[in-house]
Amino acid sequence: MNWEIVMGLEVHLQLATQSKIFSGSATQFGAEPNCQADPVDLGMPGMLPVLNEEAVRHAVTFGLGIGAKIGERSVFDRKNYFYPDLPKGYQVSQFFAPIVCEGVFDVPMPDGSLLPIRITRAHLEEDAGKSVHDIFPRETGIDLNRAGTPLLEIVTEPDFRTAEQAVAYLKALHSLVTYLGISDGNMAEGSMRCDINISLRERGTDALGTRTEIKNVNSFRFVERAIHVECERQADILDGGGRITQETRLYDAEQNVTRSMRSKEVANDYRYFPEPDLLPIEIDADYIEAVRATLPELPGAKRDRFVSDYGLSEYDATLLVPNHSMASFFEAVVDHCHAAKPAANWILGDLSGALNRADIAIEHSPLSAQQLAGLISRIEDGTLSSKLAKQVFDAMWEGLGDADEIIESRGLKQVSDAGALETMVAEVITANPDQVAQYVAADEAKRKKLSGFFVGQIMKASQGQANPQLLNQLLLEKLDAQS
Amino acid sequence: MPDSDVLSASVSTLQRMLSARTISSEELVNTYLGQIEAENEALNAVITLCREQALTDARAADHILSRGEGNPLTGIPLLHKDIFCTQGVRTTCGSHMLETFEPAYDATVVAKLKAAGTVTLGKCNMDEFAMGSSNETSYFGAVKNPWDLNCVPGGSSGGSAAALAAGFAPLVTGTDTGGSIRQPASLCGITGLKPTYGRVSRLGIIAFASSLDQAGPMARSAEDCAHMLTAMSGIDAGDSTSADRAVPDFAAALNGEIEGLRIGIPREYFNEALNPDVQERIMAALSLLEKAGARLIDIDLPHTHYAIATYYVIAPAEASANLARYDGVRFGHRCDAPIDLEDLYLRSRSEGFGEEVQRRILVGTYALSSGFYDAYFNKAQQVRRIIAEDFHRAFETVDVIAGPSAPNVAFQRGAKQQDPVAMYMEDIYTLAVNLAGLPGLSTPAGLINGMPVGLQLIGKAFDETTILNTAHRLQQDTDWHTIRPNFGAFQS
C-alpha cells in the first residue's frame, strides 16, 4: 500500500530566564541535585506560585516572532497526575486559554522554498523534575532542580508529510528562538525537546489514521530516524491488516526502534481546571507593542538582506543565517574587509571545518572576525595567494597572531615584483633545456599542460610565494619567446 | 487583677495594663500557659504548646514595652490554628499526614502577627485539612465545646474557637473556606471575622480550596478582631491573589455610629432549616440595631439554595489537587516498606488521610473527571457567579446583610458524624459568602438553654469596617459577648 505520513509536532522549549517560572530559584543547568529547588519548587504545604514576568515576555516575543495572535487573556490550569518528580501532584500549564494562539510559520526548506506550517498554539508551563536511576543501586532518586523551569510548548497542526520537513521545521524553530534570545536551544541539555504525533493514511485520502506519539526526542538526527522507524513499524502493521494502537512511545536511539511506554500513563485523565493560585495574564496592546519594539531582525529577513545587500547566493545565505552567531560573525568580518563573498566562503569553508573538528561553537572561535577580515584583506590586495592564505589561517587558528604579523614573521608575502619573477623564470628555463625543447615542439593544447611543470618548479623554488597570475604571464611570454 | 479577669480581658484592657506595666507580657503568657496546661485535657483545643519560645518572646516584648514603645498588640499572647505554617514548630493541619511536619518558614499571617509583637503560645486543633464543621475529623481527636463538653465547638476552626472561649488566649487565628471561622465563633459565643478574599495573604496557609480560603481573626470583641485584622492584612508579593488595597486602621474606625445604616435581611436565610429559637434571638439582635438607628430592609438572595451544591463541587475539586502533594515522597506520612510506587501512593495516602478528607478528594476528583467536568465543575463555576451577582444586586440597596451564622446552637458530638449531608447543612448560611468572596463575621446574639447563638453580618467587598462597626455597636448595647462559659477559670 502507498502510505502518506501525517505528522504534527509538539516542542517543549526551555525559556532562558534567570529564575523559575513560579519561584525565585535559579535555572542553571548542571547544578548539584536539589540545590536549585526552594519550598515552592518542592511543593511544600502552603507555598504559592508567583508568575515570572520574564517568561511571559519571552512567550509574547515568540508569538510575535512567528506572527501569531497573542492571547489577550490567558489562564493557567492545573494538569493533575501523580509522579515522583512532579512535586505538587499537578503541573501548572495552560490548557483552555494559551498565551500564544494560531499563527503560520514559514519554514525554509533545503531547496530554498518555503513550507508554511500552521502553529496551533504555544503555552507556558512549568517543567517537572527528574527521576535519577543510576546513583542508588536499588532506589530511585529525585532531582527537583528542573522542577519549575519555564517551558513554552509549541504545538503545530498535522502539516508535516516527510521527516525532512519535520527536521527543517525544528531547525528553523531552533534558529528563530535563538535569534529571539528566548532560549539557548541546547538540545543536548534538554532545552528543546520534541514530541512527534505520527500516523499513516492511504495516499489520496483525507481522513487521519490512528496516531502514536513519540515523546522527548532530543536531536535533529534522532527525530529523522525516529520518524523513519515508526513509519516503517506502522506501515508493516497496516500492510499486515493490523490496527495501530493509540499510545505514547519512546525512541530508543541505540536499538533504533520505538517502544511503547506503559499504557497506564497514556490512560491518564488530567482533570484540567483553572489554577486558583494565579490570576489570568492580561496582555494589552501597549505591552505587545513594547515587546515588538525589541524584536531583532529575524532569520527570513536576514536571509533576504544577505542576498540583496551583500550579493550572496541564496545557498550561502541559507547556510549562514540559521546560526545567529554565525550570521553575526559574517557581518563583523564584512564590516572590516568589505568582501562578502570571500567572507562567506571562508566562514562556511575553512573556519566551519576547523570549528567542527575542534567541536567549538562559532561564538567561541579562537579566531576573531577581525582576524579573519585581516586575512581576507591581504588576499584581496594580492599580498597572499590562496595557498599562502591557508598557511596564515592555520597559524592564526594556532593563536600566533594576526595575518599581518604572521606574514611578516614568516616572510610569507607573495612575490609580485616582476623583476624578481623574471629572474626566477630565466633560471628555470636555463636549468631545463629538454623541457623547453618539448614545449617548443608541442601544439597549443599540449603547451598548456607542459607550462605547469615550469610553474611547479618556480613555486617550489619560491616556497609558494610567487604571485601565480603574474608568474603565469611572465613564464608564457618567455617560453613563447623561445620558439 | 484575678486570673479569671485577665483571662477574659479584652486586648485593649490588656494593652493598657502592659503599657502601664501593671502586668508584664511574661506574666500574661504564664497565666495563659497555666490555663492551657490545666484545662486543655478537658477540651483538646490545643495540640502543640510552645512554652519556651513563648516566654522568650514575651520577655523580648517586655523589653520593648519597658522602653515605652510597641503597638496595640505588643506582648499580647495568641494561638494559631494549626493550618498556619510556623517555622520550626510542627504544623499538622489536624492530620496524621503531617503529624511530624515542621515547616522551614512562617506563613505571612504568622510573620505579620509576630512583627506586630504578639507572642505565639501554641497551635490549635482543627478539623483535618479544615474539612469539617464539628472538629470531629481531627486526627488528634475531637475538640469539646467549653459551654457543654458533650457538644461540638463547630469547625473547622473549632480548636481556635473553643480555646478562645475557654480563656486560653485573648486572640486566635482561624481560616474560613465555607464558614470555618463564623460557625465555630457562633457555637462558642465569640466574635470571628472572615475578611474579603484577598485581604489577607494565603502564603504559608496549608491550602484546602484556594479560591475560597481566607484567614481571619477570632477574639472576644469586634474591637479585638479589628486590631488583629489590621495586623494580618495587606498585599503580599508571595500571594498573587492578595489584594492591592489600602489597609485601614480597623480599630480606629469603630465609633458605634450606625444611624441610617441599611441592613438587608435575606428572606432565604430564615427558612425551615433555621431553629425557631435561633431565629428569635437573631430578630431580637436586629431590633436592637434598628433601635440604634439602622434600617431593616427585606431583601432576596434568590440563589442561596444552590450554595451548598456549588460549594461541595468547587471546594473538593480544588482540594483534590491541593492535597495531591501528600504522596509520601518528599514530606509527610510515608507507609512502611512500599513494594512499588503505586503501593507507596496508595498506602501513604490511605493511612495519612482520614475518612472525610478521602471522601472530599474522591468527590473532587470525580467532579473534574473527563466527561463530568462540564456537568459539575463548570456548572458550579457558573452558579458561583450567579450567587455573587445576588449579593452585588442586594448591596445596591443595603450596606450590610444580616442573618444567622448557623442554623442551630452547638450539637452533641457524634450526632451528625454518620450523615455528611446533615453536617454540610451546618454551613448553609456561610458558604455563599465564601463563594462571593465577601467579608462576613459572627457576633454573639445571646444564649439558648445556655448555648451561644451567632448573628452573621455580611459586608461589601473590602468593607470589613462597616460590619465590624455594626458588631461593635451591638457589643456596646449588649453584654452577650462578655458572657463566659461555666468552664475552667470562669467556673462559678
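Student: How many bridges join β5(A) to strand β6 of chain A, and do the two run parallel or antiparallel?

Tutor: In this predicted model, strand β5(A) is joined to β6(A), residues 114-126, by 6 bridges, and the two strands run antiparallel. Since two strands pair when there are at least two bridges between them, the 6 bridges of β5(A) and β6(A) satisfy the rule and the two are called a pair. One place to look is V107(A), whose bridge partner in β6(A) is L115(A). The hairpin made by these strands has 5 residues between them, and there G112(A) takes a positive phi near 95°.

Student: What makes the side chains along strand β5 of chain A an alternating set?

Tutor: In residues 103-108, G103(A), F105(A) and V107(A) point to one face and are buried, while V104(A), D106(A) and P108(A) point to the other face and are not buried. That fits a general pattern, because in a regular strand the side chains alternate between the two faces of the sheet.

Student: Which strands of the sheet β4-β3-β14 in chain A stand at the edges, and why?

Tutor: The sheet is open and has 3 strands with antiparallel pairing, in the order β4-β3-β14. Strands β4 (90-93) and β14 of chain A each have a single partner strand, so one side of each is left without a neighbour in the sheet, and they stand at the edges. Strand β3(A), residues 77-80, pairs with β14(A) over 2 bridges, and because the rule asks for at least two, this count is enough for a pair. Within β14(A), F273(A) is the residue that stands opposite R78(A).

Student: How do you know that D195(A) and K215(A) form a salt bridge?

Tutor: The closest N and O atoms of D195(A) and K215(A) are 3.2 Å apart, and because the rule requires a side-chain nitrogen of Lys or Arg within 4 Å of a carboxyl oxygen of Asp or Glu, the pair qualifies as a salt bridge. D195(A) lies in strand β10 and K215(A) in strand β11 of chain A, so the pair ties together parts that are 20 residues apart in sequence.

Student: Is D195(A) called buried or exposed, and what value decides it?

Tutor: D195(A) has a relative accessible area of 1%, and because buried means under 20%, D195(A) is called buried. Its partner K215(A) is at 26% relative accessibility, which lies between the 20% and 50% limits, so K215(A) counts as partly exposed.

Student: What separates E230(A) and R233(A) in helix α3 of chain A?

Tutor: E230(A) and R233(A) are 3 residues apart in helix α3, residues 220-239, and are therefore separated by about one helical turn. Their side chains meet in a salt bridge at 2.8 Å, N to O. E230(A) counts as buried at 0% relative accessibility, whereas R233(A), with a relative accessible area of 22%, is partly exposed.

Student: Which residue of chain A forms a salt bridge with R202(B), and how far apart are the closest N and O atoms?

Tutor: R202(B) forms a salt bridge with D277(A), and their closest N and O atoms are 3.0 Å apart, so the pair meets the limit of 4 Å. Across the interface of chain B and chain A, 1 salt bridge is found. R202(B) and D277(A) also belong to a network of salt bridges that links them with R78(A), E275(A) and D239(B).

Student: How many residues of chain B are in contact with chain A?

Tutor: On the side of chain B, 37 residues are in contact with 32 residues of chain A. Between them the two chains bury about 2,800 Å², with 62% of it on carbon and sulfur atoms. In chain B, Y105(B), S240(B) and R325(B) lose the most area to chain A, together 21% of what that side buries.

Student: What makes A130(B) a residue to notice, given its phi?

Tutor: Phi of A130(B) is near 70°, a positive value in a residue other than glycine. A130(B) is found in the loop between β3 and α6 of chain B, and its relative accessibility of 3% is under the 20% limit, so A130(B) counts as buried. The loop between β3 and α6 of chain B also holds S156(B), which is joined to G155(B) by a cis peptide bond with omega of about 10°.

Key:
Residues numbered from 1 in each chain as written. Chains lettered and ligands numbered in written order. Predicted model: local features only at pLDDT ≥ 70, side-chain atom pairs only at ≥ 80, totals over all residues. Heavy atoms only, no water. Contact = heavy atoms within 4.5 Å. Buried area = accessible area lost by both parts, 1.4 Å probe. Helix = DSSP H or I, 4+ residues; strand = E, 2+ residues; numbered from the N terminus. Buried < 20%, exposed > 50% of the residue type's maximum accessible area, 1.4 Å probe, protein only.
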